[in-house]
Amino acid sequence: MLEQILYNEIPVRHIEKSAAWFQEVLGLKLAWHMPEEALAQLNLPSGQMLFLVETADDTQANFTKNGETHNVIGFQTRDIQKLYAHLKEHNVTVESIVDDGVGNKFLNFFDPDGNKFNVQCDA
């Protein structure tokens with residue numbers, strides 16, 4: 001049966017601009033880019049893949065619950081304070097770090113297309 005999530009796809013408005021942002025700001029590595037398909041694959045160091053899909057539609061990879069926007073992709077980091085400072089330095093819309101009281105910390109941030117992401121740092 002299923003073993004793991006292999007990749008996620010997110011909508012972007014400008015594939016080249018978005019691919020550059022994910023590389024420069026988040027450190028993902030570009031595996032390939034197909035301009036004729038408006039598609040790019042970026043990889044995390046651990047091997048997970050993130051596909052950027054260019055669309056003219058007004059859409060993001062988010063959903064709402066009781067009017068609150070939720071992310072559909074969560075990342076993990078070992079140093080959430082460093083990541084927070086890095087995101088702020090790059091003018092990324094980032095929410096405050098939240099501590100769950102048992103040592104785990106979380107933050108949310110948005111890419112330039114309004115896709116919301118969560119990051120967790122375990123105790």
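A residue is called buried when its relative accessible area is under 20%. The structure on display is a predicted model, and the tour begins with a residue to which this cut-off applies.

**First selection: Leu50**

Select Leu50, which belongs to strand 4, residues 49-54. Because its relative accessibility is 3%, Leu50 counts as buried. Next, add Tyr7 to the selection: Tyr7 and Leu50 stand 43 residues apart along the chain, yet their C-alpha atoms are separated by 5.5 Å. To view the surroundings of Leu50, display Asn8, Ile10, Phe22, Leu28, Ala40, Gln41, Leu42 and Ile73; these are its contacts once neighbours within four places in sequence are set aside.

**Second selection: the largest pocket**

Proceed to the largest pocket, whose volume is about 770 Å³. Its lining comprises 27 residues, and those nearest the centre are Leu44, Pro45, Phe75, Gln76 and Thr77. Two or more lining residues come from each of strand 1 (7-12), strand 4, strand 7 (73-76) and helix 2 (80-89). Colour strand 7 separately, as this element gives the largest share of the lining, 4 residues. When coloured by class, the lining shows 16 nonpolar, 8 polar and 3 charged residues.

**Third selection: Thr77**

Finally, select Thr77, one of the residues nearest the pocket centre. Thr77 is situated in the loop that runs between strand 7 and helix 2. Its side chain reaches the backbone nitrogen of Asp79 at 3.3 Å. Which residues does Thr77 touch, not counting those up to four places away in sequence? Display Leu83, Val119, Gln120 and Cys121 to see them.

Technical notes
Residues numbered from 1 in each chain as written. Predicted model: local features only at pLDDT ≥ 70, side-chain atom pairs only at ≥ 80, totals over all residues. Heavy atoms only, no water. Buried < 20%, exposed > 50% of the residue type's maximum accessible area, 1.4 Å probe, protein only. Contact = heavy atoms within 4.5 Å. 1 Å grid on protein atoms, 1.4 Å probe; cavity = no way out; pocket = protein on both sides within 12 Å on 5 of 7 lines; lining within 4 Å. Points joined across faces, edges and corners; volume = space filled by probe spheres on them. Nonpolar A, V, L, I, M, F, W, Y, C, P; charged D, E, K, R; others polar. Polar contact = N/O pair within 3.5 Å; in protein donor to acceptor, adjacent residues only side chain to side chain.
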